[in-house]
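Thanks, everyone, for making the time this morning. I would like to walk through one model with you, so please have the sequence and the structure open while I talk.

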Amino acid sequence: MSRPIVLIAEELSQATVGALGPEVEIRRCDGADRGALLAAVADADAVLIRSVTRVDAEVLAAGSRLKVVARAGVGLDNVDVPAATAAGVLVVNAAQANAVSAAELTCGLLIATARNIPQAGQALKSGQWNRSKYVGGELARKTLGVLGLGRIGTLVTERMKAFGMDVIAYDPYVDAAWAARLGVQMLSLDEVLAASDFLTVHLPRTPRTLGLIGAPELAKAKRGIRLVNVARGGLVDEAALYNALLDGHVAAAGLDVFAEEPCTKSPLLDLEQVVCTPHLGASTWEAQDRAGVSVAESVRLALGGARVPDAVNEVQWHGAGPSEAQIPSPTVAGAA
Ligand SMILES: NC(=O)C1=CN([C@@H]2O[C@H](COP(=O)(O)OP(=O)(O)OC[C@H]3O[C@@H](n4cnc5c(N)ncnc54)[C@H](O)[C@@H]3O)[C@@H](O)[C@H]2O)C=CC1
Ligand SMILES: O=C(O)CCC(=O)C(=O)O
């Protein structure tokens, strides 16, 4: 009997391939190449993707044998989930696998925006020993506003509290008593904007969150606020952010994600007060292994093959501390 075909459309770890096992035939394509994807998906029983490959109705129609779309990460904004459901195709993700990595990058960008680390380092490498230009500000006793107190927002909170920050958050789907135990005060969006010295965004990209932070919202923010986005491009309107950075209302931004990716040309990239990374939130060996192994096991299960080993959750959280391993989901029904 022929083996089910699993199409890997983006770079995934070697552990992912190992976890898929010998019972499946692995094929590869470049998910960013639409023609190649449409051709390759025709024979596939499963497709494994990250954030680049767009799985929409056209891809689902081309993949008439597809049983499962596996997203080795969190965000499902590149998958048309209703269309998949209508076509009877299962969609799986790895909801916890990269949370620690994304949180750690967020903390790095928060510190970098406070202390001008990349700019000062770049200047030094070009021969400038300029200590007065790169004076920064402390994080201790500053207020951090978290938009989206889910898995990543929670991990960022725990870490930045260790720096002495006061944390407030906006997330209408989170239980205020749960947040209080974490030491976070839940407020309205406007209240968070008005009170935050630093703002970090951890929302999914949905029709309701797209453009959530535009010019009117930035105008409500404290002058001199520093903003970090390791969630999704487009949640913060890029033109509005550019204008707010130009006039100094927003003092600095740390951006891992952009409205259109890949993004190598944007007015934002020309501003010295913008610290940026090319969507690296999940790009650690640990996160890639956890995400890949987790979805590989889901794929095997969906294809009717092997049992999912008991160790999967352990694999997902390998290397994470006990408090993270036990993060309760603070979200109540209705988030989207
Ligand atoms: N830069 C990167 O490499 C990565 C980016 N991400 C992005 O980060 C996002 C957040 O990830 P997690 O924290 O794991 O997700 P999560 O689902 O645990 O948390 C999201 C939070 O947003 C809240 N939320 C949803 N809709 C909202 C709305 N309209 N208004 C206010 N709050 C709302 C939810 O209640 C939830 O608490 C992902 O959706 C993904 O797009 C995730 C991992 C890596
Ligand atoms: O696969 C990646 O590197 C993207 C991670 C991400 O954005 C997500 O998990 O939502």
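Let me begin with the overall layout: which domains does the domain assignment give for the chain? It gives domain 1, made of residues 5–97 + 285–304, and domain 2, covering 99–276. Please keep in mind throughout that this is a predicted model. Taken over C-alpha atoms, the centres of domain 1 and domain 2 are separated by 31 Å, and where the two meet, five residues of domain 1 are in contact with six residues of domain 2. On the domain 1 side of that meeting, the touching residues divide into one nonpolar, two polar and two charged.

Now to the ligands. Around ligand 1 there are 33 residues, of which G75, G148, G150, Y173 and G281 come nearest. The shell around ligand 1 takes at least three residues from domain 1 and at least three from domain 2. In terms of helices, α5 (99–115) and α7 each supply at least two residues of that shell, and α7 gives the most, with three residues. If you are wondering about its chemical character, the shell around ligand 1 has 16 nonpolar, eleven polar and six charged residues.

For ligand 2, the surrounding residues can be listed in full: R50, S51, G73, V74, G75, N98, G281, A282 and S283. By class, this shell divides into two nonpolar, six polar and one charged. You may have noticed G75 and G281, which are among the residues nearest ligand 1 and which also appear around ligand 2.

Staying with α7, which runs over residues 151–161, I would like to look at T157, which is found in that helix. Is T157 buried or exposed? We call a residue buried when 20 or more other C-beta atoms lie within 10 Å of its own, and T157 is buried because 24 other C-beta atoms lie within 10 Å. Leaving aside its neighbours within four places in sequence, T157 is in contact with V146, V167, L182 and V184. By contrast with those contacts, the C-alpha atoms of T157 and L7, which are 150 residues apart along the chain, are separated by 37 Å.

Next, a strand. Strand β3, residues 46–49, is covered on both faces, with A46 and L48 buried on one side and V47 and I49 buried on the other. This follows a general pattern, in that side chains in a regular strand alternate between the two faces of the sheet. Strand β1, residues 5–8, runs parallel to β3 and is joined to it by three bridges, with I8 standing opposite L48. Strand β4, residues 68–71, also runs parallel to β3, joined by four bridges, and here I49 stands opposite R71.

Finally, helix α11, residues 238–246, where E238, L241, A244 and L245 are buried. Why do these residues line one face of the helix? Seen down the axis of α11, the buried residues fall within an arc of 125°, so they line one face. The general reason is that an α-helix has 3.6 residues a turn, so residues three or four places apart point the same way. The buried residues of α11 pack against α10 (215–220), β11 (250–255) and β12 (274–276), whereas A239 and L246, on the other side of α11, are exposed. After α11 comes G248, whose phi is positive, near 85°.

Definitions and conventions:
Residues numbered from 1 in each chain as written. Chains lettered and ligands numbered in written order. Predicted model: local features only at pLDDT ≥ 70, side-chain atom pairs only at ≥ 80, totals over all residues. Buried ≥ 20, exposed ≤ 12 C-beta atoms within 10 Å, placed from the backbone. Arc of directions from axis to C-beta. Contact = placed C-beta atoms within 7 Å. Near = placed C-beta within 6 Å. Nonpolar A, V, L, I, M, F, W, Y, C, P; charged D, E, K, R; others polar. Domains from an automatic or database assignment. Pairing = 2+ DSSP bridges.
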